[in-house]
Amino acid sequence: MSYGARLAETMSRRLGRECVYTPSARLALYLALRRWCAPGARVLMSPVNDDVILFVVLAAGLRPVQAPVSVWDGNIDPAAVPESTWRNVDAVLTTNLYGIPDRVVELRRRCDELGIPLFEDAAHAIGTRVDGQPIGTFGKAAAFSLSKHAASTAGGFLAVENAGVRRELETLRDELLAPRRLRDDLTATLRPLARSTVRTLHLVRPVWRTLQRLGLLERDAYRMPLHRPRLSARGLEPPSLDAYEPWVRVDLHGFRSRHGALVRAQLELRMAALDTNLTKRSAGVAHLSNTPWASPALRDRMPVDDAPLPLFRAPLLVRDRDTLITRLIRHGVVTGYVYDPPLDDYAGPEFVEPSPSREAARWFASHVLPADPLLAQKLTKALTSEQTTPAFPTPTPAPTQS
């Protein structure tokens, strides 16, 4: 039996696709990019995305091409992508930001017309469906994370179309895995328990402040330091995970460490509780979508005759977002997963091809407050207490439909 086979089989049953178990979603995505893209290939992607994903794309030797996005959800707006860009990209990478689905039907159609692969970053979207079909089953391959909905700090999957490709990717994965380390296993096992204890005992604020004072947070801002001269030098080397590891490993140093039985057993338990987690998230999204700060995407991109999507985070749009995030710590709410500034502003043209239309990404990235649906009631109370003002762009554009 291959490494992580039981976990992979569980995920395969959920999706109806072959799955490869990986220590992280970022390693899963790297496997897909290595398998289907030649060095130098141009990958269309949203600039409102984790900077780690940018470095995974660079580590695979590819050129990130930033796309215009919807001002309501930060995902690629296919209709706003110039035809000249479509004709000159070799692959498309979705984001499914916070679990709100990309316009995958249109993106799949364009990719099929062009004969290029569609890759789905489904890290935020393990429970998201479009027209009854799970996200992760539209593209050539899809990367999933267990550190989001399953509340772990390790584990991921790469979903692919057939068993032959799965076996090929398992071989490539095994070549890239780092040897198992007891420290990584203990971290992956104990950190979720510690995080749960902190929340249960209402210690979020003092613990967060202590981590800041001790310098134990790898990011002083929403983006990690770029280290431009070092990054430029890496671009002169043959592309590899080793070359870009200082960037790819941020916030998850064991992203390619082989997990032992202890970690995998814990992940099996968390996978068994996944549906319960998704149900709770749907209830939280229903509550947040009726608040004055809810992005129209929470209503316009939701199923008509089904429960709200079980989002990882619900995008609220607020004024003075950065000040508000600081003030929310007083209420025991720590906000993460803010991707500001957009990647083309963050990295610049040396490392990415900038979007031809950047204002929607800039506006969304600077106003979105990613709200945890599991904290919907607490967060709504805090936002009301802080007299939070909703934010909407002027002039207000019509939401882009799938």
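## A walk through the helices and the sheet

Start by selecting helix α2 (residues 25-36) and helix α3 (residues 51-59): their axes come within 9 Å and cross at roughly 35°. Keep in mind as you go that this is a predicted model. Turn the view until one helix lies over the other, and you can see that α2 passes α3 in a right-handed crossing. To look at the contact itself, show the side chains of R26, L29, Y30 and L33 on α2, then V52, I53, V56, V57 and A59 on α3. Colour them by class and you get 8 nonpolar residues, no polar ones and 1 charged.

Keep α3 selected and add helix α10 (residues 241-248). Here the packing angle is about 175°, and the axes are 9 Å apart. Angles over 145 degrees count as roughly antiparallel, and α3 and α10 are therefore roughly antiparallel to each other. On the α3 side, pick out V52, F55, V56, L58 and A59; on the α10 side, L241, Y244, W247 and V248. How many nonpolar, polar and charged residues does this contact of α3 with α10 have? There are 9 nonpolar residues, with no polar and no charged ones.

Next, follow the chain on either side of α3. Select strand β2 (residues 42-45) and strand β3 (residues 63-66), which run parallel and are joined by 4 bridges. The chain leaves β2, passes through α3 and arrives at β3, making a right-handed β-α-β crossover. For a landmark in this pair, click on M45, which stands opposite Q66 in β3.

On the other side of β2, try strand β4 (residues 91-93). β2 and β4 also pair in the parallel sense, over 3 bridges. V43 is a good residue to click on here, as it stands opposite A91 in β4.

Now zoom out to the whole sheet. It is open and has 7 strands, in the order β1-β9-β8-β5-β4-β2-β3, with mixed pairing. Which strands stand at the edges? They are β1 (18-22) and β3, each with a single partner strand, so one side of each is left without a neighbour in the sheet. Look along the sheet to see the twist, which averages 25° from one strand to the next. Then add helix α6 (residues 163-176), which packs on the sheet and touches β1 and β9 (156-160). The direction of α6 makes about 10° with that of β1.

For another helix pair, select helix α1 (residues 5-15) and helix α11 (residues 261-272). They pack at an angle of about 20°, with their axes 10 Å apart, and that makes α1 roughly parallel to α11. Their crossing is left-handed. Show R6, L7, T10, M11 and R14 of α1 together with R264, L267, E268 and M271 of α11 to see the contact. By class, this contact of α1 with α11 has 4 nonpolar, 1 polar and 4 charged residues.

Finish with two stops in the loops. Most residues other than glycine have a negative phi, and most peptide bonds are trans. Go to Y98, in the loop between β4 and α5 (104-114): Y98 is not a glycine, yet has a positive phi of about 65°. Then move to P341, in the loop between α14 (321-328) and α15 (343-347). The peptide bond joining D340 and P341 is cis, with omega at about 0°.

Conventions
Residues are numbered from 1 along each chain as its sequence is written. This is a predicted model: local features need pLDDT of at least 70, side-chain atom pairs count only at pLDDT 80 or more; totals for chains, interfaces and linings use all residues. Side-chain values use heavy atoms; hydrogens and water are left out. Two strands pair if DSSP finds at least two bridges between them. A crossover is right-handed if, with the strands pointing away from the viewer, the path from the first strand over the helix to the second runs clockwise. Axes are lines fitted to C-alpha atoms, for helices over the stretch in contact, and angles run from 0 to 180 degrees between N-to-C directions. Angles under 35 degrees count as roughly parallel, over 145 as roughly antiparallel, 65 to 115 as roughly perpendicular and the rest as oblique. Contact means heavy atoms within 4.5 Å. Ala, Val, Leu, Ile, Met, Phe, Trp, Tyr, Cys and Pro count as nonpolar, Asp, Glu, Lys and Arg as charged, and the others, Gly among them, as polar. A crossing is left-handed if the near helix is turned anticlockwise from the far one by less than a right angle, and right-handed if clockwise.
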